[in-house]
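Trainee: I've got this model open and I'd like a close look at one part of it. Could you walk me through the piece you'd pick, and how the rest of the chain sits around it?

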Amino acid sequence: MSVRKSLLALFAISALLLLSPASEAASGKIGFVNVAEIMAKSPQAEAARAELQKEFQPREKKLGELRDGIQKEEADLKRNASAMSSERKKQAEIDLQKKENDFNRELASFREDFGTKRNQVLQALQKKISEVILHVAKAGNYDMILSDGVVYVSDKINLTDKVLADLKKTAK
């Protein structure tokens, strides 16, 4: 065997050894799940939105009515200020300022309560979605599931519909 053939054989064997781990890694099963689509379309997400709306819509409506009342009083005060005594005008301004302060406190409390509840509901929803994705991954023998930050996904590896179907099965 010539030196050239020996080097060529050595090169071929080395190339096979180097490519072997890469080809094993490339044969792993990969799937993709569009979590944003699941958050928009799953029955659990719809139930979470309905729960938030049911709990907070009455307070939101009350705040809207309070705001409208303050704006009306403010407009009335501006319109009638020239006809009021300075003492009566000052008292009306103090009363209006007190109502605005009360409204701002109610609004801040509403936003804090809504944010806290929304975070609780979202955490429970994300946990449920993660459980279903994990179940789909294990049942399908997937080695990796990708979600956000993916530029292109073919329908062959997109598991979003499968996860949505499983979520619908488990919806109450």
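Mentor: Here is a walk along helix H3, its partner H4, and the pocket that they help to line.

Keep in mind that this is a predicted model. The chain has five helices and two strands, and from the N terminus the order of elements is α-β-α-α-α-β-α. Of its 172 residues, 23% are buried. Among contacts with a separation of 6 or more, 84% join residues 24 or more positions apart.

Start with H3 itself, which covers residues 43-80. Its 38 residues should span 56 Å at 1.5 Å a residue, and the end C-alpha atoms are 53 Å apart, so the two values agree. There is a bend, though: H3 turns by about 45 degrees at Phe56, with a proline, Pro58, following within four residues. Phe56 is also one of the buried residues of H3, a list that runs Gln44, Ala45, Ala48, Leu52, Phe56, Leu63, Gly64, Ile70 and Leu77. As for what lies over them, the cover includes helix H2 (35-41), H4 and helix H5 (160-170).

Some of the spacing in that list may look familiar. An α-helix has 3.6 residues a turn, so residues three or four places apart point the same way.

Now zoom in on Leu63, in H3. Leu63 counts as buried because its relative accessibility is 10%, with the cut-off at under 20%. Beyond its neighbours within four places in sequence, Leu63 is in contact with Phe103, Glu106, Leu107 and Phe110. One of these, Leu107, is 44 residues from Leu63 in sequence, yet the two C-alpha atoms are 7.1 Å apart. Two others, Phe103 and Phe110, are on the list of buried residues of H4.

Move along H3 to Glu74. At 32% relative accessibility, Glu74 counts as partly exposed. Setting aside residues up to four places away in sequence, Glu74 touches Leu96 and Glu100. Leu96 is among the buried residues of H4. You can also check Gln97: it is 23 residues from Glu74 along the chain, with 9.6 Å between the C-alpha atoms.

Further on comes Leu77, a buried residue of H3, and this one is easiest to view from the other side. Ala92 sits in H4, which covers residues 86-139, and touches Leu77 and Met84, again not counting residues up to four places away. Ala92 and Leu77 are 15 residues apart in sequence and 7.4 Å apart in space, C-alpha to C-alpha. Ala92 has 22% relative accessibility, so it counts as partly exposed.

That brings us to H4 as a whole. Its 54 residues should span 80 Å at 1.5 Å a residue, and since its end C-alpha atoms are 78 Å apart, that agrees as well. Its buried residues are Leu96, Phe103, Phe110, Gly115, Lys117, Val121, Leu125, Ile129, Val132, Ile133, Val136 and Ala137. A lysine, Lys117, is on that list. The buried residues of H4 pack against H2, H3, E2 and H5.

After H4 you reach Asn141, in the loop between H4 and strand E2 (144-146). Asn141 is not a glycine, but its phi is positive, about 55 degrees. With 59% relative accessibility, Asn141 counts as exposed.

Back to H3, this time for the largest pocket, with a volume of about 240 Å³. The lining is made up of Pro43, Gln44, Ala47, Ala48, Glu51, Val121, Ala124, Leu125, Lys128, Thr170, Ala171 and Lys172. H3 and H4 are the elements that give two or more residues to it, and H3 gives the most, with five. By class, the lining has seven nonpolar, two polar and three charged residues. Some of these names have come up already: Gln44 and Ala48 are buried in H3, while Val121 and Leu125 are buried in H4.

One last stop is the loop between strand E1 (30-32) and H2, where you'll find Asn34. Asn34 counts as partly exposed because its relative accessibility is 27%. Asn34 and Leu159 are 125 residues apart in sequence, but their C-alpha atoms are 8.0 Å apart in space.

Note on methods. Residues are numbered from 1 along each chain as its sequence is written. This is a predicted model: local features need pLDDT of at least 70, side-chain atom pairs count only at pLDDT 80 or more; totals for chains, interfaces and linings use all residues. Side-chain values use heavy atoms; hydrogens and water are left out. Buried means under 20% relative accessible area, exposed over 50%, partly exposed in between (1.4 Å probe, protein chains only). Contact means heavy atoms within 4.5 Å. The expected span of a helix is 1.5 Å times one less than its number of residues. The bend at a residue is the angle between axes fitted to the seven residues ending there and the seven starting there. On a 1 Å grid over the protein atoms alone, a cavity is a set of points where a 1.4 Å probe fits but cannot get out, and a pocket is an open set with protein on both sides within 12 Å along at least five of seven lines; lining residues have an atom within 4 Å of a point. Grid points are joined across faces, edges and corners, and a volume is the space filled by probe spheres set on the points. Ala, Val, Leu, Ile, Met, Phe, Trp, Tyr, Cys and Pro count as nonpolar, Asp, Glu, Lys and Arg as charged, and the others, Gly among them, as polar.
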